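Reader: I am new to this structure. Please pick a single part, take a close look at it, and then go on from there to whatever can be tied to it.

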Amino acid sequence: IEEKANKYLTKTSRALLNVEDYHQQAKQVLPQMIYDFYSTGSDDQLTLNDNLQGFRRLKLRPKILIDVSSHSTENSINCQTQLLNSTTIISFPCIIAPTALHRLANNEHGELATVRAAVACSTIMCVSTTASTRMELIAEEHRRHIKTNYPQSTSQLWYQLYVLKNRQHSQKLIERAEKCGYKALVLTVDHCHLGNRECDVRNNFSLPNGIQTENLIDDHDYDSEFAKAYRNTVPIDSSLSWKDLKWIQSITSLPLIIKGIIHPDDAREAIKQGIQGIIVSNHGGRQLDTCLSTIDALPDIMNAIRNEKHKIDVYIDGGIRRGTDILKAVALGAKAVLIGRPILWGLAVNGAQGAQNVMEILKKEFQLAMMLCGCRTIEDIIKNDLVVMNNRN
Ligand code: FNR
């Protein structure tokens, strides 16, 4: 019996059951410089940690004696979620956040692995300006994988934009994204200058040979002025301001989502500017340290825009590691969450399958949390008044 128990223990302790298991496994397999680049934050990493702790501080008060038995053909809770005025449907309220350079986690396939996971899980992949694969190739793989393996998938691609100092180059990025089928433009606004990431400085972080920010290399011409300008740096325009939104809106018909809002006044201003969505985000604690954690920022933002006529989607990212975290975010008014590092851990451990596993783990945990809170639908999560804000712990 002891032998059997030991075997079982070894087996189960090796099984990757949750996001933190994937994190620990990724730490084993990634070179230190890359692991640090992915995992750390700015200055003293207080915001990085507070994003995680913010969710833990919030407590749930479940509703009981509600019939939560099978309500869908899958024999589990239906948590399909509609976004952007119902033009977009995802299988549960969780999206892949834009993160740089996926080939650092999975050299062979990089973003092409991530996009397969997004298709398999019927969710959105938001592709970074600083991806290590050209956006056209990611879009092609997205179409191919849906057609060949997942014809029912409702997955979509969004494109994350850093506005570059050269506005013509930025315009070109937007036009390329629109042309190859991306469905929304996510404008990141919390990055007017790179945050102080001391770990990368200590490690003398540099890109391994053969990996680069491919979207910034024009038409595969590695010797063009465009390519030379972006080989080692991404010159983000620190002069970007509210008035530039009109310019962006004038050159694209894609829905515009602003990523990096923490202050309620900015949420209100975004609505005034006629945008379609905001992402409450502090860049995963990589930019301004001691910035408010995102889940702590969410309630004031929801309050600030409650009475606005023009309704927008509010998303949130930063520190989401459990299904209960997703449930708390939705309960406080978010349409969906985005996850950054968890996907990188999945990619590092087992490529496309690893990223897919991470998504599926979160979906299962989310469905279980819904049931245990007496929720049969996404709407129930909001109605049930589940989150206690000022608990005494
Ligand atoms: C990011 N993030 C980010 N955001 C963005 O708009 N464009 C980008 O290129 C990147 N790149 C990037 C690289 C790495 C390694 C990380 C960890 C993060 C921020 C990202 O979109 C998201 O806001 C956070 O990752 C969310 O926090 P969690 O889920 O990582 O805790």
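Author: S86 has a relative accessible area of 48%, so it is partly exposed; the limit above which a residue counts as exposed is 50%. The model is a predicted one. S86 belongs to the loop between β2 and β3. Its backbone has a positive phi, about 65°, although S86 is not a glycine.

Q45 can be set beside S86. Phi of Q45 is near 60°, again a positive value in a residue other than glycine. Q45, too, is in a loop, the one between α3 and α4, where α4 covers residues 46-57. With a relative accessibility of 24%, Q45 is partly exposed, because that class begins at 20%.

The loop of S86 starts from β2, and β2 (81-83) also gives two or more residues to a pocket lining, as described next. The pocket is the second largest, with a volume of about 950 Å³. It is lined by 37 residues, of which M302, G333, A334, K335 and I382 are the closest to its centre. Besides β2, the elements that give two or more residues to this lining are α12 (294-305), β10 (313-317), α13 (323-331) and α15 (378-383). The lining of the second largest pocket is made up of 20 nonpolar, 11 polar and six charged residues.

The loop of Q45 starts from α3, and α3 leads to the aromatic rings. There are seven aromatic pairs in the structure. In one of them, Y38 and W345, the ring centres are 6.4 Å apart and the planes meet at 70°, so the pair is edge-to-face; the angle has to be over 60 degrees for that name. Y38 is in helix α3 (residues 32-39) and W345 is in helix α14 (residues 341-372), so this pair ties together parts that are 307 residues apart in sequence. Y38 and W345 are both buried.

A second pair also involves α14. F92 and F366 have ring centres 6.4 Å apart and planes at 45°, so this pair is tilted. F366 is in helix α14, while F92 is in the loop between β3 (88-90) and β4 (94-96), and the two residues are 274 apart. Both are buried. Thus β3 borders the loop of S86 and also the loop of F92.

Y38 and W345 belong to a cluster linked by ring pairs, together with Y35, F37 and F205. One member of the cluster, F37, has a charge over its ring: the charged end of R286 sits there, 5.1 Å from the ring centre. A further case is R167, whose charged end sits over the ring of W247 at 5.2 Å from its centre.

F37 and R286 come up again at the largest pocket, which holds about 1,200 Å³ of space. Its lining has 50 residues, and those closest to the centre are F37, A100, L194, R197 and R286. Two or more lining residues come from each of α3, α8 (198-202), β11 (336-339) and α14. By class, the lining of the largest pocket has 21 nonpolar and 21 polar residues, along with eight charged ones. Helices α3 and α14, which are tied together by the pair of Y38 and W345, thus both contribute to this lining.

How values were computed
Residues numbered from 1 in each chain as written. Predicted model: local features only at pLDDT ≥ 70, side-chain atom pairs only at ≥ 80, totals over all residues. Heavy atoms only, no water. Phe/Tyr/Trp six-rings, centres within 6.5 Å; stacked < 30°, edge-to-face > 60°. Helix = DSSP H or I, 4+ residues; strand = E, 2+ residues; numbered from the N terminus. Buried < 20%, exposed > 50% of the residue type's maximum accessible area, 1.4 Å probe, protein only. Lys NZ or Arg CZ within 6 Å of the ring centre and 35° of its normal. 1 Å grid on protein atoms, 1.4 Å probe; cavity = no way out; pocket = protein on both sides within 12 Å on 5 of 7 lines; lining within 4 Å. Points joined across faces, edges and corners; volume = space filled by probe spheres on them. Nonpolar A, V, L, I, M, F, W, Y, C, P; charged D, E, K, R; others polar.
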